[in-house]
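Visitor: I would like a close look at the cysteines in this chain, and at how they are or are not paired. Could you take me through them with some care?

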Amino acid sequence: MKLKRILKWSIRAILLALILALLAGFIAYWRSTNDCDRKTALVNPMKAIRYCEYGSPDDVLKIEHVEKPVPNDNQILVRVRAVSLRFFDGGMLRGGIGRLIFGLRKPKNTCPGSDFSGTVEAVGRNVTEFKPGDEVFGVRAGALSEYICVRLAGAMVSKPGNVSFEQAASIPTALVALQGLRDTGRLQAGQKVLINGASGGVGTFAVQIAKTFGAEVTGVCSTRNLDLVRSVGADHVIDYTKEDYTKGDQRYDVIYDLVNNHSFAERRRVLKPGGICVLAGIGGSGMHDETLSRVAGVFTASLRSKFSNEKFVSFGVDINKKDLGILRDLTESGKIMPALTKTYPLTETAAAYNYLETGHVQGKIAITVD
């Protein structure tokens, strides 16, 4: 009788917890909103890209006039010149599972884009690091607008003088490559590294950064991207439409995997004993037929590697000034260069996002903010 009573109350408690969770989720969903419906008179208007609802780029992205921001004592006002797109930007527009981060019912931040370059317009009274006229680049949410305010402690550094604004806006993407190879892969000079997905925005940077570490680099890409991957410094290039790298004889100290389209056993086979597979991506932007299976593959590979000598490790990117400064120095010295392949004007932002969502973007794409 005592066991039955315990089971009965346990079931009731679980049901109550489920009901409360559903109620909390329902309330959170309907309270999730943004300021799009708030109408105020504009004193100093500026142009910005906005999306007030989730949906396709053509349906939700609009150029609107909003109030120009005013920097406080610890902020820098930047005139944005260019913004580059990252793989997750398309997913932000569509919602999907991203609603858990960006807003359940409506997007909380209605201005997309984060990786920017521009010119300092004005500074707060406590800012001494920058002055009006300085050319800068960095990361700040809501960058697709004519002006943004960046915190003094924010992720922004001076722009390399040997690249355009569009190229400079592409540089923050390299944080994923730098930290994945340096901190997670622990790549060393003389080691062999394979980069799966070497022709994309992160991949082209990963090839170049691996070379600065003194590694022997093999890039994996499609036929049409072979020349691009060679041009950024890969020692060897594998055309995945003709050859499966997991069936070859070569063994690697590090696999930097931006696609995750092979099984745990297949990748482990081509790792040297004690090697590391850095789980850096799932291939392309937006949702595709294989997206969920590849996400699941990341988790299962990480779990299975706990019981093997070869490690499969995912990581989170730390957006910070120090590493942006390292990337700036590498760019100024010519050791890395953004593989910018396409630019769009602000009026064609939707077209840029549509191209991003194809999942087959070569190098980086950027939007010029005139």
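Guide: What follows is a walk through the cysteines, beginning with the paired ones and then turning to others that stay unpaired. The model is a predicted one, and in this model the count comes to one disulfide, taking sulfur atoms within 2.5 Å as the rule. That disulfide is formed by Cys36 and Cys52, whose sulfur atoms lie 2.0 Å apart, and with -90 degrees about the S-S bond the link between Cys36 and Cys52 is left-handed. Cys36 sits in the loop between α1 (2-31) and β1 (45-50), while Cys52 sits in the loop between β1 and α2 (57-60), so the pair ties together parts that are 16 residues apart in sequence. Both partners, Cys36 and Cys52, are buried.

Cys149, by contrast, is in no disulfide, for the nearest cysteine sulfur, which belongs to Cys111, is 13 Å away. Cys149 has 8% relative accessibility and therefore counts as buried, the cut-off for that word being under 20%. A similar reading applies to Cys221: the closest cysteine sulfur, in Cys277, is 18 Å from the sulfur of Cys221, which is too far for a bond. Because its relative accessibility is 2%, Cys221 also counts as buried. Burial therefore does not by itself tell you which of these cysteines are bonded, since Cys36 and Cys52 are buried within a disulfide, whereas Cys149 is buried and yet in no disulfide.

Definitions and conventions: Residues numbered from 1 in each chain as written. Predicted model: local features only at pLDDT ≥ 70, side-chain atom pairs only at ≥ 80, totals over all residues. Heavy atoms only, no water. Helix = DSSP H or I, 4+ residues; strand = E, 2+ residues; numbered from the N terminus. Buried < 20%, exposed > 50% of the residue type's maximum accessible area, 1.4 Å probe, protein only.
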